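Student: I would like to learn how to read the empty space, the core and the charged pairs of a model. Where do we begin?

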Amino acid sequence: MFPGGSEADAINNNCLACHSADMVLNQPALPKTAWEAEVNKMINAYKAPVAPEDVAPIVDYLAKLQPVK
């Protein structure tokens, strides 16, 4: 599970079917626009069943994990 309580609900509910939290948590720091592109790639190219209302919370969560300096 991803840490962060209810802030992690969207990523826990949508991403753990294909990715371990460890794998995602060990990714390099990326800007929010890059995370948005990655999430959209998972949806469009790999047909990840992500609820449209969960896209923004997932991207926000990923961008906060390791802020780009």
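Tutor: With cavities and pockets. Rolling a probe the size of a water molecule over the atoms shows where empty space is left. On a 1 Å grid over the protein atoms alone, a cavity is a set of points where a 1.4 Å probe fits but cannot get out; a pocket is an open set with protein on both sides within 12 Å along at least five of seven lines. Lining residues have an atom within 4 Å of a point. Points are joined across faces, edges and corners, and a volume is the space filled by probe spheres set on them.

Tutor: Two notes on the input. This is a predicted model, so local features need pLDDT of at least 70 and side-chain atom pairs pLDDT 80 or more, while totals for chains, interfaces and linings use all residues. Numbering runs from 1 along each chain as its sequence is written, and side-chain values use heavy atoms, without hydrogens and water.

Student: How many cavities of 30 Å³ or more does a search of the whole structure find?

Tutor: One. The largest cavity has a volume of about 30 Å³. Its lining includes V24, L30, W35, L62 and Q66. Nonpolar means Ala, Val, Leu, Ile, Met, Phe, Trp, Tyr, Cys or Pro; charged means Asp, Glu, Lys or Arg; the others, Gly among them, are polar. By class, the cavity lining has seven nonpolar, two polar and no charged residues.

Student: Which residues lie nearest the centre of the largest pocket?

Tutor: C15, H19, V24, E38 and M42, out of 21 lining residues. The pocket holds about 380 Å³ of space. Helices here are DSSP runs (H or I, at least four residues), numbered from the N terminus. Two or more lining residues come from each of α1 (9–15), α2 (21–25), α3 (32–44) and α4 (52–65). α3 gives the most, five. The pocket lining has 17 nonpolar, three polar and one charged residues.

Student: Which residues of the largest nonpolar core touch the most other members?

Tutor: Terms first. A nonpolar core is a set of buried Ala, Val, Leu, Ile, Met, Phe, Trp, Tyr and Cys residues joined through side-chain atoms within 4.5 Å. Buried means under 20% relative accessible area, exposed over 50%, partly exposed in between (1.4 Å probe, protein chains only). In this core of 17 residues, F2, I11, V39, V55, I58 and L62 touch the most other members. α1, α2, α3 and α4 each supply at least two residues of the core. α4 has the largest share, six. Take I58: it touches A10, I11, N14, C15, V39 and V50, leaving out residues up to four places away in sequence (contact: heavy atoms within 4.5 Å).

Student: How many salt bridges are there?

Tutor: Three. The rule asks for a side-chain nitrogen of Lys or Arg within 4 Å of a carboxyl oxygen of Asp or Glu. K64 pairs with E7, closest N and O atoms 3.9 Å apart. That pair links distant parts of the chain, helix α4 and the segment before α1, 57 residues apart. K64 is exposed at 53%, and E7 is partly exposed at 44%.

Student: What about K32 and D60?

Tutor: Their closest N and O atoms are 2.7 Å apart. K32 sits in α3 and D60 in α4, 28 residues apart. Both are partly exposed: K32 at 46%, D60 at 30%.

Student: How far apart in helix α3 are E38 and K41?

Tutor: Three residues, so about one helical turn separates them. Their side chains meet in a salt bridge (3.2 Å, N to O).
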